[in-house]
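The following report reads a protein model from a few chosen residues outward to the whole chain. It is meant to be followed with the coordinates open alongside.

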Amino acid sequence: SNPALDFIHRKEYSVSLRGSFFNRLISADLTFFNSDMDGFIIQNPSMFPSHLSGGINGSSFKPAINNNIQNRKGIDFSVTAQKQLGKVHATLGVVGSYVKTKYKKYDEIVEWDNLRVEGHAIDAIRGYNCLGFYTYDDFDKNEETGKLTLKSDLPTPKIGGTIQPGDLKYRDMNNDGFIDERDQTFIGYSDVPENTYAISLGCSWKGLGMSVMFQGVSHVSRY
């Protein structure tokens with residue numbers, strides 16, 4: 001057991017502004033928030049030497065510790081307008097939110113900065129940075145056999161099969177002359193939208209009501 005192991009702690013603060021204007025014709029609400037989830041448990045911390053892991057049946061003498069910190073901060077807002085038009089009560093509402101996430105602290109040992117998780121969005125999409133397609137100009141052709149060989153000044157792919165014209169061309173992020181898993185980087189947003197927004201319209205007349213809402217999101221990556 002590890003007596004130093006603790007629960008995850010949440011540290012949060014928010015500031016809100018609320019008001020109404022023009023004899024309550026328009027009301028508005030604005031909230032800024034910042035939240036830290038501190039102390040996510042990691043099972044194989046890098047702060048201990050590697051010889052403490054890799055025991056019998058995958059056992060490890062490395063203790064689990066509280067380490068990683070996730071940060072979420074952003075703004076929520078809403079604006080509502082309402083007016084009596086004869087016997088009809090009409091409303092218009094606009095709501096939205098902006099949320100930015102990142103790993104404030106992340107246990108890792110990385111050789112190349114493009115692989116670093118700390119400082120990037122939580123669950124952000126990672127992959128290869130595509131430059132386009134290989135063309136015949138990227139190859140030297142043996143006139144006798146017709147065999148195509150990738151030019152020596154281009155990085156050598158270590159993923160996939162034999163490279164041919166028309167295959168996807170990826171960026172050598174660490175400039176080591178090879179294209180492999182160490183060239184992955186962040187290529188998209190998180191699968192949780194940064195921006196969420198909606199507009200609602202409504203009216204009521206003699207106890208009958210009708211409303212419609214349009215909503216959307218942006219800065220989100222799905223695959």
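Asn195 has its place in strand β13, which covers residues 195–205, in a model that is predicted. With a relative accessible area of 18%, Asn195 is buried, because the cut-off for that class is under 20%. Once residues up to four places away in sequence are set aside, Asn195 touches two groups of residues, namely Ser97 and Tyr98 on the one hand and Gly216, Val217, Ser218 and His219 on the other. Pro193 is found in the loop between β12 (185–190) and β13, and when residues up to four places away in sequence are not counted, Pro193 touches Val217, Ser218, His219, Val220 and Arg222. Ser97, which is among the residues that Asn195 touches, lies 96 residues from Pro193 in sequence, with a C-alpha to C-alpha distance of 9.6 Å.

A second buried asparagine is Asn71, found in strand β3 (residues 65–85), where its relative accessible area is 4%. What is Asn71 in contact with, leaving aside its neighbours within four places in sequence? The partners are Asn34, Ser35 and Asp36, then Lys100, Thr101, Lys102 and Lys104, and also Ile122. For one of these partners, Asn34, the C-alpha separation from Asn71 is 7.4 Å, while the two residues are 37 residues apart along the chain.

Asn2 belongs to the segment before β1 and counts as partly exposed, at 26% relative accessibility. Beyond its neighbours within four places in sequence, Asn2 is in contact with Pro63 and Ala64. Asn2 and Ala64 are 62 residues apart in sequence, yet their C-alpha atoms are 7.6 Å apart in space.

Ile163 is a further loop residue, placed between β9 (156–157) and β10 (168–170). Neighbours within four places in sequence aside, Ile163 is in contact with Tyr134, Phe139 and Pro157. The C-alpha atoms of Ile163 and Leu150, which are 13 residues apart along the chain, are separated by 7.8 Å.

The C-alpha separations given above are collected here.

| Residue pair | Separation along the chain | C-alpha distance |
|---|---|---|
| Pro193 and Ser97 | 96 residues | 9.6 Å |
| Asn2 and Ala64 | 62 residues | 7.6 Å |
| Asn71 and Asn34 | 37 residues | 7.4 Å |
| Ile163 and Leu150 | 13 residues | 7.8 Å |

Backbone geometry draws attention to two further loop positions. Most residues other than glycine have a negative phi. Arg24, although not a glycine, has a positive phi of about 65 degrees, and Asp123, likewise not a glycine, has a positive phi of about 60 degrees. Arg24 lies in the loop between β1 (9–21) and β2 (26–42), whereas Asp123 is found in the loop between β4 (88–105) and β5 (124–127). Is Arg24 buried or exposed? With a relative accessible area of 65%, Arg24 is exposed, while Asp123, at 48% relative accessibility, counts as partly exposed.

The cysteines can be taken together. A disulfide is a covalent bond between the sulfur atoms of two cysteines. Counted as pairs of cysteine sulfur atoms within 2.5 Å, the disulfides come to 0. Cys130 counts as partly exposed at 39% relative accessibility, and Cys203 counts as partly exposed at 31%.

For the protein as a whole, the secondary structure comes to 0 helices and 14 strands, so the pattern read along the sequence is a succession of β elements under the strand assignment used here. A compact globule of 223 residues would have a radius of gyration near 17 Å, whereas the value for the protein is 27 Å. The C-alpha trace spans about 90 × 60 × 30 Å along its principal axes.

How much of the protein counts as buried? Of its 223 residues, 22% fall in that class. The accessible surface comes to about 15600 Å², and 55% of this belongs to carbon and sulfur atoms. Among contacts in the protein with a separation of 6 or more, 59% are accounted for by residues 24 or more positions apart. The charged side chains number 24 positive and 26 negative, with the centres of the two sets lying 13 Å apart.

Key
Residues numbered from 1 in each chain as written. Predicted model: local features only at pLDDT ≥ 70, side-chain atom pairs only at ≥ 80, totals over all residues. Heavy atoms only, no water. Helix = DSSP H or I, 4+ residues; strand = E, 2+ residues; numbered from the N terminus. Rg over C-alpha atoms; globule rule 2.2 N^0.38 Å. Buried < 20%, exposed > 50% of the residue type's maximum accessible area, 1.4 Å probe, protein only. Contact = heavy atoms within 4.5 Å. Areas by Shrake-Rupley, 256 points an atom, 1.4 Å probe, with all protein chains shown as cover. Lys, Arg positive; Asp, Glu negative; His and termini not counted. Charge placed at Lys NZ, Arg CZ, Asp CG, Glu CD.
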